[in-house]
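Colleague: I'm new to this one and would like a close look at a single part. Could you walk me through the sheet and the helices packed around it?

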Amino acid sequence: MSADSEQRTIRCLIAKVGLDGHDRGAHVISRAFRDAGFEVIYSGLHRAPDEIIQATVQEDVDVLGISILSGAHNTLVPKVMAGLEEYGALDDTLVIVGGIIPEEDRPKLLEQGVDAIFGPGTPMQETIDFVKEHAPERP
């Protein structure tokens, strides 16, 4: 890794999609990412998939973190992934999902392009290290 890429600030969007009103985890990861030196944008609650797609593209983020606890991950995450693909943003956006995602649902989300899934109790440093290691390189 060059000195330039080590000093580059990783831009992240932490998103709450759908009717999920539980945002404690999103706030915790947002703070942890800021403390790690990432630039963090928080979407706020109750965002539609299209709003998350637009914010990801318009803000030119490196990482999209979707926090979801509502059980609607099999409906909402694929809509976000399809939208990112439609805009040509999927290949240069690291997509991570956090929250309550049953083990049996994880393979399908990963097949759709989600890069990693972090459940409750995942050490913050593990998530931070994953982002640092896998965030796309920017010119």
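Modeller: Here is a walk through the sheet, followed by the helix contacts. Keep in mind that this is a predicted model.

Let's begin with the strand order. The sheet is open and has five strands, running β2-β1-β3-β4-β5 with parallel pairing. At the edges you'll find β2 (39–42) and β5 (116–118), and each has a single partner strand, so one side of each is left without a neighbour in the sheet. On average, neighbouring strands here are turned by 20° against each other, direction ignored. As background, the strands of a sheet pair through backbone hydrogen bonds, either parallel or antiparallel.

Now go to strand β3, residues 63–68, which pairs with β4 in the parallel sense over six bridges. If you want a spot to look for on screen, find valine 63, which stands opposite leucine 94 in β4. As for β4 itself (residues 94–99), five of its six residues are buried, so this strand is largely enclosed by the rest of the structure.

β3 also pairs with strand β1, residues 11–16, again in the parallel sense, and that pairing has five bridges. Here the place to look is alanine 15, which stands opposite isoleucine 66 in β3. Helix α3 (residues 49–58) packs on the sheet and touches both β1 and β3, with its direction making about 175° with that of β1.

Stay with α3 for a moment, as it leads on to a helix contact. Its axis and that of helix α4 (residues 73–86) come within 9 Å and cross at roughly 40°. The two helices are therefore oblique to each other, and their crossing is right-handed. On the α3 side you'll see Pro49, Ile52, Ile53 and Thr56, and they meet Leu76, Lys79, Val80, Gly83 and Leu84 in α4. Sorted by class, this contact has six nonpolar, two polar and one charged residues.

There's another helix pair to look at. The axes of helix α2 (residues 24–35) and helix α6 (residues 124–134) come within 10 Å and cross at roughly 60°. That makes α2 oblique to α6, and α2 passes α6 in a right-handed crossing. From α2, the residues making the contact are Val28, Ile29, Ala32 and Phe33, while α6 brings in Met124, Thr127, Ile128 and Val131. By class, the contact of α2 with α6 has seven nonpolar residues, one polar and no charged ones.

Technical notes:
Residues numbered from 1 in each chain as written. Predicted model: local features only at pLDDT ≥ 70, side-chain atom pairs only at ≥ 80, totals over all residues. Heavy atoms only, no water. Axes fitted to C-alpha atoms, helices over the stretch in contact; angles between N-to-C directions. Helix = DSSP H or I, 4+ residues; strand = E, 2+ residues; numbered from the N terminus. Parallel < 35°, antiparallel > 145°, perpendicular 65-115°, else oblique. Left-handed = near helix turned anticlockwise from the far one by under 90°. Contact = heavy atoms within 4.5 Å. Nonpolar A, V, L, I, M, F, W, Y, C, P; charged D, E, K, R; others polar. Buried < 20%, exposed > 50% of the residue type's maximum accessible area, 1.4 Å probe, protein only. Pairing = 2+ DSSP bridges.
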